Amino acid sequence: MIEQFLGDDVESSGQYLAEVIYGANDGIVTTFAVVSGVAGAALNPSIVLILGAANLFADGFSMGMSNYLSRQSELDYQRSVRKDGRDPPEELADGKSPIRTAFVTFLAFVIAGWAPLLPYILEVMPTFPLSIAFTGFAFFAVGASRSLVTSRRWFVNGAEMFVVGMAAAIVAYTVGNLLGGLA
């Protein structure tokens, strides 16, 4: 995926791993938080699609732009402390430009973030249990895919992201359940 969008070869595409994992994990977690919060509060399932889509694009854009601003701030700092009189760099020492990292973060967020919404989009019943299954699978798949650019075993990577992501999902469901009476 990365090399298609950024034109890098497979070996150098691993340099964007942090952005892919960060964006994908947060996309899945925050979208599933909407799904599980609505389910925990026993609200109308149609609300999931409205809030889920709004979350996907607004939060994905926010994450991408936050990534851009963070990296651009680092570049600005480096420029301000340069004492050698040379032109400032256009990218950080790791070779990644703020625009590319922002784009990768946004793209990973939006692509992975659809997983919890798929049962609601497809109107497959039972929607919430299937959303849990799709979410768990997405966490595991994204985590396991890290092994394509790391030396860690795919099932360890997958299990690690599955456990962390599902713990966040449990928190979201619990909060929705506890606050469900307020809606």
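These questions and answers cover helix packing, burial and backbone geometry in a predicted model.

User: What are the ground rules for the model and its numbering?
Analyst: The model is predicted, so local features need pLDDT of at least 70 and side-chain atom pairs count only at pLDDT 80 or more, while totals for chains, interfaces and linings use all residues. Residues are numbered from 1 along each chain as its sequence is written, and side-chain values use heavy atoms, with hydrogens and water left out.

User: What makes up the protein, in helices and strands?
Analyst: There are eight helices and zero strands. Helices (H or I, at least four residues) and strands (E, at least two) are DSSP runs, numbered from the N terminus. The order from the N terminus is α-α-α-α-α-α-α-α.

User: Why is N55 called buried or exposed?
Analyst: Buried means under 20% relative accessible area, exposed over 50%, and partly exposed in between (1.4 Å probe, protein chains only). N55 has 14% relative accessibility, so N55 is buried. Buried residues make up 40% of the 183 residues in the protein.

User: What does N55 touch?
Analyst: N55 lies in helix α4 (residues 46–81). Contact means heavy atoms within 4.5 Å. Leaving aside neighbours within four places in sequence, N55 contacts T30, T31, V34, G60 and F109.

User: How do you know that the side chains of N55 and T31 make a polar contact?
Analyst: A polar contact is a pair of N or O atoms within 3.5 Å; within protein, one must be able to donate a hydrogen and the other to accept it, and residues adjacent in sequence count only if both atoms are side-chain atoms. The N55 and T31 side chains make theirs at 3.3 Å.

User: Why are α3 and α4 called roughly antiparallel?
Analyst: Angles under 35 degrees count as roughly parallel, over 145 as roughly antiparallel, 65 to 115 as roughly perpendicular and the rest as oblique. Axes are lines fitted to C-alpha atoms, for helices over the stretch in contact, and angles run from 0 to 180 degrees between N-to-C directions. α3 and α4 pack at about 150 degrees, with axes 9 Å apart. They are therefore roughly antiparallel. Their contact includes T30, T31 and V34 of α3 and N55 of α4. The contact residues divide into nine nonpolar, six polar and four charged.

User: How do you know that α3 and α8 are roughly parallel?
Analyst: The axes of α3 (residues 17–40) and α8 (residues 154–179) cross at roughly 30 degrees and come within 8 Å. The pair is therefore roughly parallel. The contact includes N25, F32 and A33 of α3 and M161, A168 and Y173 of α8. Its residues divide into 10 nonpolar, seven polar and no charged.

User: Why is V164 called buried or exposed?
Analyst: V164 is in helix α8. Its relative accessible area is 52%, so V164 is exposed. The C-alpha atoms of V164 and N25 are 9.3 Å apart, although 139 residues separate them along the chain.

User: What makes E123 unusual?
Analyst: Most residues other than glycine have a negative phi, and most peptide bonds are trans. E123 has a positive phi of about 55 degrees although it is not a glycine. E123 sits in the loop between α6 and α7. At 67% relative accessibility, E123 counts as exposed.

User: Where is the cis peptide bond?
Analyst: A cis peptide bond joins M125 and P126, with omega about -10 degrees. P126 is in the loop between α6 (118–122) and α7 (127–145).

Technical notes
Ala, Val, Leu, Ile, Met, Phe, Trp, Tyr, Cys and Pro count as nonpolar, Asp, Glu, Lys and Arg as charged, and the others, Gly among them, as polar.
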